Amino acid sequence: MLRVKPSTERIKVHVYGQAILDGFKLILQGSGEIWPVIGLSLAVSGAATLIASAIGLPIGYFLGISRFAVRGTLILLVNTAMGFPPVVIGLFVYMALSRTGPLGQLGLLFTPQAMVIAQVILAAPIVAGVATAAIASVPRDLRLQVRALGASRLQESLAVFKEGRRGVMAAVIAGFGSVISEVGAVSIVGGNIQGSTRVMTTAIVFYVGRGEFGLAMAWGMVLLGIALLATAALTLVQQRGSMYDR
Amino acid sequence: MTDRGETIAAPAVRGTNIKVVYRGRAVVDVPSIGIGSGETYALLGSSGAGKSTLLRVLGLLERPTSGHVLLDGAQVGVGDLSARRRIAAVFQKPYLLRGTVAENVAYGLTLRRIGLAETSSRVSSVLERVGLGGWGDRNALTLSGGEAQRVALARALVLEPSFLLLDEPLSYMDPLLKRSLSLRFAQILASEHVTSLYVTHDQDEAATVADRIGVMREGRIIAEGDPEAVLGLPVDAWAAAFVGMEPALEGTVVSNTDGLAGISVPGAVLYATSDFPEGTRVLLAVRPEDVTLYEAGVDLPAGSARNRLQAVIAESRPSGTSVHVVVDHCGMRIAAAVTRASAKELALAPGEPIVAVFKATAVQVRRRD
């Protein structure tokens, strides 16, 4: 027993180390499906994050600055939606887009567009929920000051977004992070078709299913690296100085 | 600027039947308020009185539950951007942007897409006017609190507003800075001839900057007029306590010779400069700082102070740097503010006899309804 344990440890370390090496090889060689899969992952999750931000940020702004009777209830709904399980979202979108579903005639099932739709539904509540908190933290007096200096509604909202930029970018980062790393929804509505709808997360599931753990780990490392680079870029924007300081 | 206390015939800004209701409670209920062209009107009241809410409504920053705002006779509203752009404001916190003083002052002009040349000239001019000439290139975030608030004032004035709102602009300042800045603000507002609404809870600040004062309590304006009348003759017991006085005395004019009225009050006749004829029932009061106390029995110095009341000390308590003393004469209570040194010298103690002396010109008189 005592001799087996260190041996197992060595194997584990070896697997992780080899996976990292394989990951680098995958990227450096650029062979096979690597770049199309990375490209599709970024395209689908990027588009979904953009659309989710276009939907979620205005909702977050409205909920963040408004004072009305059912505001608390709406915030509760958004916060609940932040925890939607991707598999369930995938299932709903699948049913909607399937031939017998209400949107079946669009013929979007097992396409990147279907994956974007599912990821938008996943990311929009996250963007809206985090943005609500970010906008609500911008002092009301600042909005009054900007308005009192003659800002139009649009100019006022831009000033508020600038002031709450850190929280707003955190909302976008959280939205992107939730969709680039999810597998349940994209695998159901995309189908993990090689060369068509395979993304990094579904590739990992695919190679695990085939017992190719090293390759799966390598994809995992690539996914982590890409997610790190993408969020680093967003964080860079987030960390730039705020508009007002006193 | 109007003379203090002048009646406003055609107000530049008027609010009618302004009511703001939050969660079923009326936080502002003002049937009418008018501010004359070039006038500085101070809204004075304690926290939660509704002053800032009324300011936001008149400044088109908040929609009232009901009521109307008129700017130069025309009804205006929150959604009217052109009307809003005739109004500018300075708040408690200046909220300066990262950047230079000039960039901060130019903020409102940038929102209005004013050209660079005009912006530059207007910014330089207004900085001169607020005493910050040549400060344009300084980093705004290195300024002191007082300097930052002057930049905020410049940022509002550069817009050449028809109506300027000042919402407790000096409340974060220490007393010394507040005194000097309130004087500075008063000078600037007077020279700019801009119609202004100045919200404060500080009566000294209000008296320094305002042509007229409105006292707010629980959403209503309970007194309005020139600073001397409002601060010198409180309308009720709450207003008296707010301005550090005793409630007004009730009396009847028993004589009037060349504007010097003798007014009968319980146990005495007080003299005041007033044109009210004999028989007029009046309310009268005197500011604590206008009352001098002397030990009973001492020879009073010869002088112009006509009113000399034999009284007893009812209460005595420290109030800031002075001592607030209330004296009682036949049930009639008058407050006096004495220095701590004088209070020590007089050995003030409740029940001790004292003489309260004040001039006829210090007595504020109003007809009693």
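**Exercise 1. How are helix 3 and helix 5 of chain A set relative to each other: oblique or roughly parallel?**

Keep in mind while you work that this is a predicted model.

*Solution.*
- Step 1: Start with the two numbers you need. Two packed helices are described by the angle between their axes and the distance between the axes.
- Step 2: Read them off. Helix 3 (residues 71-81) and helix 5 (residues 112-136) of chain A have axes 7 Å apart, and they pack at an angle of about 135°.
- Step 3: Put a word to the angle. Angles over 145 degrees would count as roughly antiparallel and 65 to 115 as roughly perpendicular, so helix 3 and helix 5 of chain A are oblique to each other.
- Step 4: Add the hand. Helix 3 of chain A and helix 5 of chain A make a left-handed crossing.
- Step 5: Find the residues. Arg71(A), Ile75(A), Val78(A), Asn79(A) and Ala81(A) come from helix 3 of chain A. They meet Pro125(A), Ala128(A), Gly129(A), Thr132(A) and Ala136(A) of helix 5 of chain A.

**Exercise 2. Do the same job for helix 2 and helix 11 of chain A.**

*Solution.*
- Step 1: Here the axes of helix 2 and helix 11 (residues 213-238) of chain A lie 12 Å apart, at an angle of about 45°.
- Step 2: That angle makes helix 2 of chain A oblique to helix 11 of chain A.
- Step 3: The crossing of helix 2 of chain A with helix 11 of chain A is right-handed.
- Step 4: On the helix 2 side of chain A, the contact uses Ile34(A), Val37(A), Ile38(A) and Leu42(A). Helix 11 of chain A brings Trp219(A), Val222(A) and Ile226(A).

**Exercise 3. Sort out whether Thr49(A) is buried or exposed, and list what it touches.**

*Solution.*
- Step 1: Locate the residue: Thr49(A) belongs to helix 2 (residues 34-65) of chain A.
- Step 2: Check its accessibility. Thr49(A) has 6% relative accessibility, so it counts as buried.
- Step 3: Look for partners, leaving out residues up to four places away in sequence. Thr49(A) then touches Val172(A), Gly175(A), Phe176(A) and Val179(A).

**Exercise 4. Which residues of helix 7 of chain A are buried, and what covers them?**

*Solution.*
- Step 1: Scan helix 7 (residues 153-163) of chain A, and the buried residues turn out to be Gln155(A), Glu156(A), Ser157(A), Ala159(A), Val160(A) and Glu163(A).
- Step 2: Look at the cover from chain A, which includes helix 2, helix 5, helix 6 (140-148) and helix 8 (165-180).
- Step 3: Don't stop at chain A. Helix 4 (107-111) of chain B is also part of the cover.

**Exercise 5. Work through two of the aromatic pairs, and say how the rings are arranged.**

*Solution.*
- Step 1: Get the total. Searching the whole structure turns up five aromatic pairs over all chains.
- Step 2: Take Phe206(A) and Tyr207(A). Their ring centres are 5.1 Å apart with 70° between the planes, an edge-to-face pair.
- Step 3: Compare how open the partners are. Phe206(A) is partly exposed at 26% relative accessible area, while Tyr207(A) is buried at 9%.
- Step 4: Turn to Trp238(B) and Phe242(B). With centres 5.2 Å apart and planes at 10°, this pair is stacked.
- Step 5: Place the second pair. Trp238(B) and Phe242(B) sit four residues apart in helix 10 (residues 237-242) of chain B, about one turn of the helix.
- Step 6: Check exposure again: Trp238(B), at 22% relative accessibility, is partly exposed, and Phe242(B), at 21%, is partly exposed too.

**Exercise 6. Find two rings with an arginine's charged end over them.**

*Solution.*
- Step 1: Go back to Phe206(A): the charged end of Arg198(A) sits over its ring, 4.0 Å from the centre.
- Step 2: In chain B, the charged end of Arg138(B) sits over the ring of Trp135(B), 3.9 Å from its centre.

**Exercise 7. Where in chain B do Asn17(B) and Glu218(B) lie, and what is the sign of their phi?**

*Solution.*
- Step 1: Recall the background. Most residues other than glycine have a negative phi.
- Step 2: Asn17(B) has a positive phi, near 50°. Asn17(B) is in strand 1 (residues 13-22) of chain B and is exposed, at 53% relative accessible area.
- Step 3: Glu218(B) also has a positive phi near 50°. Its place is the loop between strand 9 (212-217) and strand 10 (220-225) of chain B, and at 62% relative accessibility Glu218(B) counts as exposed.

Conventions. Residues are numbered from 1 along each chain as its sequence is written. Chains are lettered from A and ligands numbered from 1 in the order in which they are written. This is a predicted model: local features need pLDDT of at least 70, side-chain atom pairs count only at pLDDT 80 or more; totals for chains, interfaces and linings use all residues. Side-chain values use heavy atoms; hydrogens and water are left out. Rings of Phe, Tyr and Trp (its six-membered ring) pair if their centres lie within 6.5 Å; planes under 30 degrees apart count as stacked, over 60 as edge-to-face and the rest as tilted. Buried means under 20% relative accessible area, exposed over 50%, partly exposed in between (1.4 Å probe, protein chains only). Helices (H or I, at least four residues) and strands (E, at least two) are DSSP runs, numbered from the N terminus. A charge sits over a ring if NZ of Lys or CZ of Arg is within 6 Å of the ring centre and within 35 degrees of the ring normal. Axes are lines fitted to C-alpha atoms, for helices over the stretch in contact, and angles run from 0 to 180 degrees between N-to-C directions. Angles under 35 degrees count as roughly parallel, over 145 as roughly antiparallel, 65 to 115 as roughly perpendicular and the rest as oblique. A crossing is left-handed if the near helix is turned anticlockwise from the far one by less than a right angle, and right-handed if clockwise. Contact means heavy atoms within 4.5 Å.
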